[in-house]
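These are my notebook entries on a structure that is new to me. I began with the order of its elements and then turned to burial, cysteines and open space.

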Amino acid sequence: MNEGFRVVGRRPMPAPAPAKKAAPKGRAAMIFLILLAAGCLIARFWTPKDPAYMDLANANKAPCGEFLFGTDTMGRDIFSMIFYGGGISLTIGLVSTAISTVLAMVLGTLSGFAPNWLDRLLMRLTEVFLSIPELLLVILLQAVLGKATPWSISLVLGLTGWTGIAKVVRTEVRRLRQSGYIVASRCMGGGFFRLLFGHLAPNFFSSILFMVVMNIRSAMVAESTLSFMGLGLPLETISWGSMLSLAEKALLTGSWWIILIPGAFLALTLLSITDLAHNFQTASARGQRNL
């Protein structure tokens, strides 16, 4: 009856594949950003020259032993300016992102808990902001505030960079608002900010972490763009953007190092931030699959 079948025993299961190690590229980006941030924080203790000193006798000097990265059209040491200016550019990116993230979390949570009519009104307001070119809005607000400073640019960029994060926060809050712990907290008298920062933010922050990190990158690009256009920080305030604003003079005089070296540092920093954001996004997606 069973002549066509033969028991051969259990088939051995293949050995589990070894866990993949973290991508070296992600580690390289993290190491570069840590070293850059540390160098900018302690720049005054180790950079060889005063970045604001105008040594006109050595203007447009090519990289050499005394000036490792050369000097700009005003004789300022580019090596020292890189790390002082990097501190300003990173500060603008971090402060503006903190402002936009808090604003997005508050408005997104308010929209998520609001009645339907108020939710629609807030979302239409968000879409109006999204329809306006961000750079034009930044220029308009900066013109209203007057002379550009690192803090005014951070405020303007923070006030214009919240819309994308707010829409994601609103979606996550509408998904979480009927959870048992949220309902229990509201029944016990938990206020809006208690719900937001105590219960909601820890649950949706991984969903917006990629956008938050990318906002740092966007703010640094916007500051550099404004300075390159002559609408950002003045030349006496050293940042990577204000250094790149000398690009026209550098090209006319053939001083390639004035634009190439700050541009290379800015590009490497932006690439490292982008790679870091993608690593956070991958880790978040992997964590959600494991839940």
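Entry 1, fold. I read the elements of the protein chain from the N terminus as α-α-α-α-α-α-α-α-α-α-α-α. That gives twelve helices and zero strands, where helices (H or I, at least four residues) and strands (E, at least two) are DSSP runs numbered from the N terminus.

Entry 2, basis. I note that the model is predicted, that local features need pLDDT of at least 70 and side-chain atom pairs pLDDT 80 or more, and that totals for chains, interfaces and linings use all residues. Residues are numbered from 1 along each chain as its sequence is written, and side-chain values use heavy atoms, without hydrogens and water.

Entry 3, burial. I found that 41% of the 291 residues of the protein chain count as buried; buried means under 20% relative accessible area, exposed over 50%, and partly exposed in between (1.4 Å probe, protein chains only).

Entry 4, cysteines. I searched the whole structure for disulfides, pairs of cysteine sulfur atoms within 2.5 Å, and found zero. C40 is buried, at 13% relative accessible area, whereas C187 is exposed, at 66%.

Entry 5, contacts. I counted a contact as heavy atoms within 4.5 Å. Among contacts in the protein chain between residues at least 6 apart in sequence, 70% join residues at least 24 apart.
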